[in-house]
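Trainee: I am new to this structure and would like to go through it step by step. Could we look at it together, with the terms explained as they come up?

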Amino acid sequence: MSGRVRCRAIARAHVRARGAALVCSLLLMLAAMLVAVSISRTVLAAIASAGAERERSLALEAAEAALRDAERDIAGGIDPARAAQFTAAGAAGFVDGCGRGGAGRGLCSTTSPPAWQTLDLAEPGNPALVPYGYFTGANIGGGTGKGLLPAQPPAYLIERIAPPGAAASLGNFYRITAIGFGSNAATRVVLQSVYRKPAPAPPGDVPPGSADTPSGEAAPSGAGPPGGEGVPGWPGDAAPAMPDPPATGQTVEPGNGNNATTAPARLPAGRIGWREIANWPRLHAGAVK
C-alpha cells in the first residue's frame, strides 16, 4: 500500500508541475505580446508622424509657390490689363470683398477684418482667389489631386496696403496671402508676405545697382521660406510698419571710434518679409461669426 501511495503522490506532484509550467508559459506569452504591441504602436506613430510631416512639407512648398507666382503677377505677368492694376492708376481695381473676375480677380482693398480672414481660402474654385499660374502661365508639373501631388491648386489674394511712414516715392506695397494644400485637402498651410513695387523713375534718376529700380524684381535670396524671417511686430489685421524714408548721409564726428560716413538705408524692392499664419482657421472662424 505504501508503494501505491508513493506513486500517487509522485503523480500528483507531476500534475502540479505541469500546471505551474503552463502558467509560466502563459505569463511569458503575455509579456511578449505586450512588448510586441508597444513596438507596433511606436512604429505606427512614427509612420503617422512621417506622413503628417510629408503632407505639411508638400502644403508648405505649394503655398510658397503661390507666393512667388503672386510676386511674378505683381511684377508683370502675361496680361497687360492685369499689369495695369499694379500701377498708381490701378488702385481702383482693389475692391472690398476682392475682385471676382477679369483682370481684377483676387485684388482686395484693405478692410477690417481683412479679406484674408473673411474669405474661405480653402474653398475649391473660390472666385475671389487667383489659382496658381492664372495670370502668369505657370503650371504645376504633374497636375493636382494625384498621388503625392497637392489635392488642390495653391491660390492667393493680393491687398494693396499703405504702411505707416511709407512715402509715395517708395512705390506701392502689397500684402500677399497664399494657401497651399497637401495630398489631403485637410492639410493646408497659409503664408503671407509684403511686396514692394518701386515707383517708375526716369532713366538716370536711380544709380546702378540701387534697390529702388522700377522693374520690381524679387528681393535677394533668403527673403522667403524657409530661410527668411517674418516681419517683427506685424499684427494679424494690420500692415507692418515700414521704415522711414531714407535720410541723407550723416558724417560722424571724429574721436568717437567711427569716422566713416553713414550710408542711407534702402528698402529693397520685391519681397520685404513673410510669415506663416498657423492659426488661420481660428481667425477665419472668428471673422465670419
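Trainee: How many helices and how many strands does the protein have?

Mentor: This is a predicted model, in which local features need pLDDT of at least 70 and side-chain atom pairs count only at pLDDT 80 or more, while totals for chains, interfaces and linings use all residues. Residues are numbered from 1 along each chain as its sequence is written, and side-chain values use heavy atoms, with hydrogens and water left out. Helices (H or I, at least four residues) and strands (E, at least two) are DSSP runs, numbered from the N terminus. From that end the elements run α-α-β-α-β-β-β-β-β-β-β-α, which gives four helices and eight strands.

Trainee: Is strand β8 largely enclosed by the rest of the structure or open, and which strand does β5 pair with?

Mentor: A residue is called buried under 20% relative accessible area, exposed over 50%, and partly exposed in between (1.4 Å probe, protein chains only). Five of the seven residues of strand β8 (residues 270-276) are buried, so this strand is largely enclosed by the rest of the structure. Two strands pair if DSSP finds at least two bridges between them, and strand β5 (residues 188-197) pairs over six bridges, in the antiparallel sense, with β8.

Trainee: Which residue in β8 stands opposite Tyr195, and is that residue buried or exposed?

Mentor: The residue opposite Tyr195 lies in β8 and is Arg271. With a relative accessible area of 3%, Arg271 is buried.

Trainee: Which side chain meets that of Arg271 in a salt bridge?

Mentor: A salt bridge is a side-chain nitrogen of Lys or Arg within 4 Å of a carboxyl oxygen of Asp or Glu. The partner of Arg271 is Glu71, at 2.6 Å, N to O. This pair links distant parts of the chain, with Arg271 in strand β8 and its partner in helix α1, 200 residues apart. At 5% relative accessibility the partner also counts as buried, and its name is Glu71.

Trainee: Which residues do salt bridges that share partners join into one network?

Mentor: Within helix α1, Glu64 and Arg68 lie four residues apart, about one turn of the helix, and their side chains meet in a salt bridge of 2.6 Å, N to O. Glu64 counts as buried because its relative accessibility is 10%, whereas Arg68, at 38%, counts as partly exposed. Salt bridges that share partners join into one network Glu64, Arg68, Glu71 and Arg271.
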